[in-house]
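Me: I would like to go through this structure by asking how each label is justified. Please set the values against their cut-offs as we go.

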Amino acid sequence: MWILPVTPLKQFPQQLKKEGVYVGYLLRNQQQYSFFEFADSEIEHNLNKIWSICPIPPNMHYPRELQNVLKRWLHFHSEIAGPLNQLQQNEKVQLEGLIKDLIQCTNQNECKNLSINAKRSELNSWLTHYPLYCTLLFIESMSIENDKLWWTCLLARIQRCIGVMSYDLCLSFDRARRDFKQVTSLEVNALVQMSNLQLAMFCKEISELGQFANIFTQRQNQSKESRPLIYKSDNEYQQSLMLSDDVCVDLYYPVDLEGNELASYMHFSTPIESLERPELTYHQQQQKFSLRRSSIESAISRENKMHVMTNSSLTPFELSAWLRLICEELFDNQLDRIEVNDRAHWFLFFLRLFLGKISNQLMLFNDANKTDSKPVDQCLIYSLADNKGACIIYIRLSTKLFQGKNPPAGSKQYFSAQKYFDVMLPWPLASLSNLVLRNIPLKRRHNISIYSSLKTSEVEHRKWLRHKINQVKSEIPFNVSYSAILNSFQCFTSQSMPSVYRDYLKQQGSVLMHYVNDEQQQISEQVRREWFRFLKVIGLNQSQDWSNQTSLGLIGQTTYHSQVGSAITLRDSMLVEIIDALVSPLFELKMSEDKIEITQRIALYLHIRSAIELALRPVKQPYPQQYHIAWEDRVMSVSDKRVHHQQERRLIVLSENLVKVLKQYQLFCRKVDGSFNSMSLACLTYFDGEAWQIFNQANVIKLCKQYLDDIDPGCFRHICASQFTQLSLAHQNLYQQQALNQKMNHYLRGQNPLGEFALLSISKAVDYQRDMTKTCLLAEQNDAFRQKIESADKLIIDLMKK
């Protein structure tokens, strides 16, 4: 509790519930909350809070004085504690209300007036068991108002240092107050702001207060943590309350890093679940949360590395300043003036900058060779036109970096997944390769590793680059390192280019490769576009004519259906056919005879439509029950296997059209089956003639075989990833990597990087997804599949209303 940071919450004595003022307090609150089964536990928790502020006797005869002094007591504790966050401010207001309610339950016939400068004998019956209560009343009986403030503040400072106010300590304090004859010049505000050391020195100078000096100099218990934690505050408080013997509710109070309270929410469960998973105490929750700190710190660290001001990479302007000092020829478009020994290293430098890293097995292959050898999956393929012509060079990259799910043999409804794809190397790589390769003997230009061809190694290249860094180290005002230079392009494109594209360039497998499916031409063009944008910011675009430096012949080649990535992404034409195959027969069926088929066709359509829009995973129960949905706000929480704890769920936002059709479907289900109970079932189910079934993988496969074809139940999530990527890239400045991560609920190693869209705030996450959904719908206005969905929604809603 913030008011007493050194002591835990005190427990209210159970035997006092049948005495004095507490009888009326309990009766009053039980009548107020009689419709809740958890009223007793809530009232007991409030009594514990009151008892922690100041133990109050059941027969209090001075309610007016007590209310004044406790209000002053809370005020000074909040002033000493420093600025209160929103959570603490709410708690203070709640404490003041609890005290007011308790005092109102006092029997007016037993009320008395406290005499001025009351003697200890007046409160003799309470001195032993309620020492703090008596001490505060003695202070309230003082005749001078400023003295009341001063001594209350001093007592609060003592309690915050020592915790429990024992009888001996309260007796010593009261005697010192009564014996104190000096007129102190120390103001109350100064007493609040003084440090413990200053307050100890002040007490030593006054004989009556000297005995309290050692209280302010006691050493606090040293923390066992050897270093400060990046993230060390609880992000959620949980309280479990019983509604009945069959149902209990968990109340969650999320807070952000500064303790500001966010939107609270409830989760209903059964006591059987709580018996299987017993509720953790507050200290157990703290211990459980501490085990996750290292993972959260790692996530924050990775996020900071991609920040524009990170030290792990140079900004384009810093890289530009360094390049101008090292190689001015790049900015003058005079690459032939670069020293011959440095040209190969500059080629490797820009190749490493472009790709992210260079493998030692990267081969050099001459496209004009006369042998039967074929290029491997990862190699540089070049072609020299003539002695004075340009050099056509591109890199062949492997796509078999992530072992994803493959479609059944012979199936043609999915996009193809090529084993490799080619990317033309942009300027200045093509120009440098032209200069370098023409000075290399023919026998070292074919079917050989790039390092062997250039007669160097990765170690030698590192030495060369470090030498260049040290040459101008004293002339630049920022830190330059080998990795910071070579990570600058990766950091520059961290949000504007799909992370899958960067992973392909680095030949590094990632889970998103399993989802995103794109054409080779799209990937190549996007990579080159981002590279030229990077060069423009650096300042390398003012006088260069890239069309003369690099042949663009391969860029415009046709790559229709030469896809890279997910192997189970349905073709665009198949999506429209699926909708037609499900919706068109509905108008030929009769409700009286074919209600089961009608229900199943509509439900399967809604499942496909929802899974594509929301990127749902094919889990055991993809759709939640009603208490996990806020229809008016278009928000629901769903289970997701990337969420590693049962208590956590994935938060998603629905579009307005999807909410309308789902709500109308629930009304339609009641017409089909009178026993349909929407509160006990998932928001989307289908009727098999006997009961309402959920959309698990087995049921989805069964319905697809019956009404469509053999379709993988996980392909709809892949469609969402591909459509989101393609539509975002089709519109300038629309794509953001964090938007795709949020849409797919996918993060590195399953850890949320705590970006601007997920600052532990439900409201911020919802607002971000709403804006993202709105932007995506605007981008999809002219999309054939989106237009088909909108027309199908209208037809199905009209059919269900009949």
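Me: Why is E530 called buried or exposed, whichever label applies?

Reply: The model is a predicted one, and in it E530 has a relative accessibility of 6%. Buried means under 20%, so E530 counts as buried.

Me: What makes R533 and E530 a salt bridge?

Reply: Their side chains meet at 2.6 Å, N to O, and the criterion is a side-chain nitrogen of Lys or Arg within 4 Å of a carboxyl oxygen of Asp or Glu, so the pair qualifies. Both residues lie in helix α22 (residues 520-538), three residues apart, about one turn of the helix. R533 has 35% relative accessibility, and because this falls between the limits of 20% and 50%, R533 counts as partly exposed.

Me: Which residues are joined into one network by salt bridges that share partners?

Reply: R72, E140, E145 and K148 are joined in this way, and the structure holds 17 salt bridges.

Me: How do you know that E458 and R462 are separated by about one helical turn?

Reply: They are four residues apart in helix α18 (residues 458-471), which means a separation of about one helical turn. Their side chains meet in a salt bridge at 3.6 Å, N to O, a value within the 4 Å limit. E458, at 28% relative accessibility, counts as partly exposed, and R462, with a relative accessible area of 28%, is partly exposed as well.

Me: What labels do D174 and R177 receive for accessibility, and why?

Reply: D174 has 0% relative accessibility and therefore counts as buried, while R177, with a relative accessible area of 9%, is buried because that value is under 20%. The side chains of D174 and R177 meet in a salt bridge of 2.9 Å, N to O. Both lie in helix α7 (residues 167-179), three residues apart, about one turn of the helix.

Me: Why is R601 called buried or exposed, and what does R601 touch?

Reply: R601 is at 9% relative accessibility, which is under 20%, so R601 counts as buried. This arginine is found in helix α25 (residues 591-614), and, not counting residues up to four places away in sequence, R601 touches A581, L582, P585, L586, L589 and Y707.

Me: How do you know that the end-to-end distance of helix α15 agrees with what is expected?

Reply: Helix α15 (residues 340-355) has 16 residues, and at 1.5 Å a residue they should span 22 Å; the end C-alpha atoms are 24 Å apart, which agrees. Just after α15, G356 takes a positive phi of about 105°.

Me: What makes α15 mostly covered?

Reply: Of its 16 residues, 14 are buried, and buried means under 20% relative accessible area.

Me: Which residues touch the most other members of the largest nonpolar core, and what gives the most to this core?

Reply: Of the 86 residues in that core, W322, W346, F347, F349, F354 and L380 touch the most other members. Helix α15 gives the most to this core, with ten residues. The contacts of W322, not counting residues up to four places away in sequence, are F349, L465, K468, I469, V472, I476, V480 and I485. Apart from this core lies another, of 71 residues, among them I53, W126, A200 and I206.

Conventions
Residues numbered from 1 in each chain as written. Predicted model: local features only at pLDDT ≥ 70, side-chain atom pairs only at ≥ 80, totals over all residues. Heavy atoms only, no water. Helix = DSSP H or I, 4+ residues; strand = E, 2+ residues; numbered from the N terminus. Buried < 20%, exposed > 50% of the residue type's maximum accessible area, 1.4 Å probe, protein only. Contact = heavy atoms within 4.5 Å. Expected span 1.5 Å × (residues − 1). Core = buried A, V, L, I, M, F, W, Y, C linked by side-chain atoms within 4.5 Å.
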